[in-house]
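Work through the exercises below with the structure open. Each task is followed by a solution in steps.

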Amino acid sequence: MSLQMITVSNNTALIQPGFSLMNFDGQVFFFGQKGWPKRSCPTGVFHFDVKHNHLKLKPAVFSKDSCYLPPLRYPATCIFRGSLESEKHQYIIHGGKTPNNELSDKIYVMSVVGKNNKKVTFCCTEKDLVGDVPEARYGHSIDVVYSRGRSMGVLFGGRSYMPSAQRITEKWNSVADCLPHVFLVDFEFGCSTSYILPELQDGLSFHVSIARNDTIYILGGHSLANNIRPANLYSIKVDLPLGSPAVNCTVLPGGISVSSAILTQTNSDEFVIVGGYQLENQKRMVCNIVSFVDNKIEIREMETPDWTPDIKHSKIWFGSNMGNGNVFLGIPGDNKQASSEAFYFYMLKCAEDDVSEDQKTLTNSQTSTEDPGDSTPFEDSEEFCFSAEANSFDGDDEFDTYNEDDEEDESETGYWITCCATCDVDINTWVPFYSTELNKPAMIYCSHGDGHWVHAQCMDLAERTLIHLSEGSNKYYCNEHVKIARALQTPKRVLPLKKPPLKSLHKKGAGKIFTPAKKSFLRRLFD
């Protein structure tokens, strides 16, 4: 095992406890930033590009038919394949916390729909559930089992807010263990069914879960009700015949007491457990190897990495699995120095570089620590990490990098409106069109009615016209309202006819002969 320090070139503030890592075809992606996404990266997903112990975060894009994915921290995640032999996979995301400290009960499916040398385009869809729908939670696990040619999601554990009737002002954010129910979720039809197993008596959070074929192994975890980390090891076997599924649980010997650990896979039958906590305020510095031989699980201690003094003395640590035996770790910086970084980051390599990529076994674990800004620093982790391979980072340096200095108030989202029926300005694919644009589309204010903003590009404005309108205070009307504005324009003012004085008329008419009709008209005029 080798430990290397990682320097982050940009956006260090985004990497805080609660983030997760995804891997698609060898490229790692960062998800779960703290705070709502900004315009420079509205998706909140970044390419996690590590080269020569140097990390760059590069914005990723979503397809136009994607749903909105909030920056969830501490969600339950897993890899989903159509079959065990399938190479193409998706990520399932359930639960987690929003930046408003609310819990999500939604399921999202993340997949790659486009890839070239410069960027990867994702598609995110929301999956509706019916039946026994799991309540909003975090600190739980979700895995996929395969049996008889079918697949099913298995959701277990976690924490949720107390019932609304018990949430008072002083304890509004108090959480409790979820009931120890096992949920089977059919991702194809959106059906969810709850099972009560007698072997599972306590709700567990921040446990390690490993999925192998038709069996889920639950290891460690923390019970909030009893404030213990039981050294339990459970195997949950799921049989999927044509009829109703059969779910059975077995208590196995050889478990360890650990919570918030990171699990990474080193080969098809071997995993490494890194980090976590053995007591509420004591990190677990020992690493373990989990191996499978003849469908039997064995857990043993392994050589301890050469932890740095900073890691040894820090009270909390957090991180996520990069796949292929690599773990990304973070610890708080030295607050005594004003110029110190908020966090220091390391990469722990638990396997050789030529490790096999054949990792059909899917892993899932809760990692890192509770967000220091949300609660006490010693509470268990609320972050999930993704199981994925990370054997190459061939990103293009021409990625547009996220620049927080370019941002304005996050609440102002007018630049990403649909300004007209033919508007094609997309928040995920927008690129500068005018030379005056830097990080947002140029807009012009239409003065029709109460007024509204329109994109200059959608109105086919020449750049000279755009600059002219921007400099002056003239009213502008968009293509849709310009005809209405013209119809409502006030007609040109016509000067009224001047009436000559009566004396002048008498004088001008003197000596003239008038017809009877003209005499009658003049009488009516002067009378």
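**Exercise 1.** How many bridges join strand β19 to β20, and do the two run parallel or antiparallel?

Solution. The model is a predicted one. Start by locating β19 at residues 215-219. Next, count its links to β20: there are 5 bridges, and the two strands run antiparallel. For one pair across this ladder, take Ile218, which stands opposite Tyr234 in β20.

**Exercise 2.** Find what pairs with β20 over 7 bridges, and describe the connection.

Solution. The partner is strand β21, residues 246-252, and the pairing is antiparallel. Within it, Val238 has Val247 of β21 as its bridge partner. Then look at the link: β20 and β21 make a hairpin, with 6 residues between them.

**Exercise 3.** Explain why strand β20 is described as largely enclosed by the rest of the structure.

Solution. Take residues 233-239, the span of β20. A residue counts as buried when its relative accessible area is under 20%. By that cut-off, 5 of the 7 residues of β20 are buried, so the strand is largely enclosed by the rest of the structure.

**Exercise 4.** In what order do the 4 strands of the open sheet that includes β22 lie, and which are the edge strands?

Solution. The order is β22-β23-β26-β27, with antiparallel pairing. The edges are β22 (262-267) and β27 (296-301), each of which pairs on one side only. From one strand to the next, the twist averages 25 degrees. Finally, inspect one pairing: β26, residues 288-293, is antiparallel to β27 over 6 bridges. There, Phe292 stands opposite Ile297 in β27.

Notes
Residues are numbered from 1 along each chain as its sequence is written. This is a predicted model: local features need pLDDT of at least 70, side-chain atom pairs count only at pLDDT 80 or more; totals for chains, interfaces and linings use all residues. Side-chain values use heavy atoms; hydrogens and water are left out. Two strands pair if DSSP finds at least two bridges between them. Axes are lines fitted to C-alpha atoms, for helices over the stretch in contact, and angles run from 0 to 180 degrees between N-to-C directions. Buried means under 20% relative accessible area, exposed over 50%, partly exposed in between (1.4 Å probe, protein chains only).
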